[in-house]
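Below is a note on the chain you sent for comment. Please read it with the coordinates open.

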Amino acid sequence: NSNPALAERVEGDINNFLSGHPSLTVGDIPGDLLTASGSGLDPHISPASADVQVPRIVEASGLSDEQVRQIIADNTQDKTLGVFGEETVNVLGVNLDIALAMGLVSEVNH
């Protein structure tokens with residue numbers, strides 16, 4: 001890799017992610033989780049990236065697996081260019097809906 005700083009950040013991201021998901025291995029991590037923007041605020045991830053985080057979200061939120069999966073489905077946009085592109089999950093929308101379901105906020109506009 002020609003960018004040691006990026007390689008170091010990605011390695012750190014992998015280690016942080018795996019420490020929070022002890023049942024997973026590096027091979028279980030969808031690529032877009034590792035190539036998200038440097039700020040970590042990339043507003044969209046793939047459905048696979050959202051799916052791999054469901055158990056952690058369930059544990060952290062106290063919501064059921066079914067509730068979390070429904071929230072993710074509600075915040076998943078279809079392919080942006082019809083047959084081209086990929087489905088994406090709006091992370092902010094998911095987080096807001098989880099906060100609403102947990103009673104942390106009383107109203108959500110997104």
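The points below go from the model as a whole to its helices, salt bridges and surface.

1. Basis. This is a predicted model, in which local features need pLDDT of at least 70 and side-chain atom pairs count only at pLDDT 80 or more, while totals for chains, interfaces and linings use all residues. Residues are numbered from 1 along each chain as its sequence is written, and side-chain values use heavy atoms, with hydrogens and water left out.

2. Confidence. The mean pLDDT (the predictor's confidence in each residue, from 0 to 100) is 77 for the chain, and 74% of the residues score at least 70. Among the elements, α5 has the highest mean at 94, and helix α2 (residues 31–34) the lowest at 64.

3. Layout. Six helices and three strands are assigned, in the order α-α-β-α-α-α-β-β-α along the sequence. Both kinds of element are DSSP runs numbered from the N terminus: helices are H or I with at least four residues, strands are E with at least two.

4. Burial and contacts. Of the 110 residues, 29% are buried; here buried means under 20% relative accessible area, exposed means over 50%, and partly exposed is in between (1.4 Å probe, protein chains only). Contact means heavy atoms within 4.5 Å. Of the contacts with a separation of 6 or more, 39% are between residues 24 or more positions apart. The chain exposes about 7100 Å², with 54% of it supplied by carbon and sulfur atoms; accessible areas come from the Shrake-Rupley method with a 1.4 Å probe, and for residues only the protein chains shown count as cover.

5. Helix α6. Which elements do the buried residues of α6 pack against? They pack against α4 (54–61), α5 (65–74) and β3 (88–90). The buried residues in α6 are G93, V94, D97, I98 and A99. N95 also lies in α6, but is partly exposed because its relative accessible area is 46%. The C-alpha atoms of N95 and I57 are 9.7 Å apart, with their positions 38 residues apart along the chain.

6. The α5 side of this packing. I71 lies in helix α5 and counts as buried, since its relative accessible area is 10%. Leaving out residues up to four places away in sequence, I71 touches L63, V94, D97, I98 and A101. For I71 and A101, 30 residues apart in sequence, the C-alpha to C-alpha distance is 9.3 Å.

7. The ends of α6. At the start of α6, a side-chain oxygen of N90 comes to within 2.8 Å of the backbone nitrogen of G93. This fits the cut-off for a polar contact, a pair of N or O atoms within 3.5 Å; within protein, one must be able to donate a hydrogen and the other to accept it, and residues adjacent in sequence count only if both atoms are side-chain atoms. N90 belongs to strand β3. Not counting residues up to four places away in sequence, N90 touches P43, H44, N75 and Q77. Just after α6, G103 has a positive phi of about 80 degrees.

8. Salt bridges. There are two in the structure, a salt bridge being a side-chain nitrogen of Lys or Arg within 4 Å of a carboxyl oxygen of Asp or Glu. D51 pairs with R69, with the closest N and O atoms 2.3 Å apart. This pair links distant parts of the chain, as D51 is in helix α3 (residues 47–52) and R69 in helix α5, 18 residues apart. R69 also meets D65 in a salt bridge, at 2.7 Å from N to O. R69 and D65 are both in α5, four residues apart, about one turn of the helix. D51, D65 and R69 are thus linked in a network.

9. Exposure of the network. Which exposure class does D51 fall into? D51 is partly exposed, because its relative accessible area is 40%. R69 is partly exposed at 36%, and D65 is partly exposed at 36%.

10. Surface patch. L100, M102, L104 and V105 make a nonpolar surface patch of about 320 Å². Patches are made of residues with over 30% relative accessible area and no salt bridge: like charges are joined within 9 Å, and nonpolar side chains (Val, Leu, Ile, Met, Phe, Trp, Tyr) within 5 Å. L104 is placed in the segment after α6 (91–101). L104 counts as exposed because its relative accessibility is 59%.
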